[in-house]
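Biologist: I am new to this structure and should be grateful for a close look at a single part of it. Please take the aromatic rings and describe how they are arranged.

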Amino acid sequence: MQKRLHLLILHSFLFLGYLSYGQVTYYDANPDYSTTLNPVIESADNLFPIDLNNDGTREFYFRWDDFEVFGNESWFVHFCANPVSDPSRQFMLIPGNYHNLLVSGTPINASASWASNWDPTIDDSFVNHFQGLGDRYLAFKAVISGTTYYGWVLIAFANKTLTIKEYAYTTNTAGLTAGQGGSLGLTENSIGQVVLSPNPVGNILVIDNKDKAQPLFSYQILDMGGKTISEGKSSYGEAITTDNIPCGNYLIRVDNDGITFTKKFIKL
C-alpha cells in the first residue's frame, strides 16, 4: 500500500513540468516530491522512478530504510540503479559507497569517475554525509541500446525528509554540467510562463504565455501512455476544443519557437 501511494503521488505530478532545451531534457517535480523516513513503516522502495528512454522501465529510483539494529536507530537513504545486475547504470561516488554530492556547474561526462554500485547511499545515521548542506546534485549515467545518457538530480535532505526537486539528462556525447537545463540555469524568458486553464478541462482549454513574443504554437494532446489523441496549431490565449476527447488524464505538449513544454490536465 505504501509503495502504491508513493507511485500514485509521483505519477500525478511527474509530467507537470517538462522542457526540452537544446539537447538537455528537463523534468520539474512540481510540486517538489518529498518522503519522510518512518521507523514504523521501516522502508519505502521504488520512490520517484526515472525512465530515461520512455519505455515504461525505470533506470533509477530512490529508496530508504529506517529501523533499529541492536537497539540503536539506523537509517539509510539510497539513489539506486535498476536492474541491480546491469553495470551500465552508474553513479559518481566517493569512498564508502556514498554519492558524490555535486554543486552547480560540476562536469558530468565521460571523463568523470563512474561506479556501478547498484544502491549507493545519499546519507545514513553513521556518517551524516549530506544533512545540512542544502540543495545538491546527484550524477547518473546509463547506456541503453547503445545510447549513453548523462544526467543529474537535484535533491535536499533534512530532518529525515528527502526532497526531490528536478532532474535533467542528455544523450550529447559531451555530457552536461550539474544544474544545466534546470530551473536555476534557465531564464524566465527562455522557459516562459505557460499557463493552462481551466484544469480540470471541460469542452475547451486555453494555453497562455504572456512572456512569449511569438504567440503561434503547435500542440499534441497525449494519453498517459504517450499515444497522440489530438494535434494542431493554436495561439496563446485562444480556445482549443476538447469536446471529442474522452474523460481522463492527458498531457498537452506545446512546441513554440524550438522550445517544448508539457503539462498534465484532467478532462471531465
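Modeller: Tyr137 and Trp152 are both buried in this predicted model. Their ring centres lie 5.1 Å apart and their planes stand at 90°; because planes over 60 degrees apart count as edge-to-face, the pair falls into that class. Tyr137 belongs to strand S11 (residues 136-144) and Trp152 to strand S12 (residues 147-158), so that the contact links distant parts of the chain, 15 residues apart.

A pair of aromatic rings is described by the distance of the centres and the angle of the planes. On that basis, the count of aromatic pairs comes to 20. One of them joins Phe67 to Phe76, with 6.0 Å from centre to centre and 40° between the planes, and this pair is tilted. Phe67 has a relative accessible area of 26% and is therefore partly exposed, whereas Tyr137 is buried.

Ring pairs also build a cluster, which links Tyr27, Tyr33, Phe48, Phe60, Phe62, Phe79, Phe91, Phe140, Tyr149, Tyr167 and Tyr169. Phe140, one of the members of this cluster, lies within the residue range of strand S11, 136-144. Likewise, Tyr149 of the cluster falls within the range of strand S12, 147-158.

An aromatic ring may also be partnered by a charge. The charged end of Arg58 sits over the ring of Tyr61, at 3.7 Å from the centre of that ring.

Technical notes
Residues are numbered from 1 along each chain as its sequence is written. This is a predicted model: local features need pLDDT of at least 70, side-chain atom pairs count only at pLDDT 80 or more; totals for chains, interfaces and linings use all residues. Side-chain values use heavy atoms; hydrogens and water are left out. Rings of Phe, Tyr and Trp (its six-membered ring) pair if their centres lie within 6.5 Å; planes under 30 degrees apart count as stacked, over 60 as edge-to-face and the rest as tilted. Buried means under 20% relative accessible area, exposed over 50%, partly exposed in between (1.4 Å probe, protein chains only). Helices (H or I, at least four residues) and strands (E, at least two) are DSSP runs, numbered from the N terminus. A charge sits over a ring if NZ of Lys or CZ of Arg is within 6 Å of the ring centre and within 35 degrees of the ring normal.
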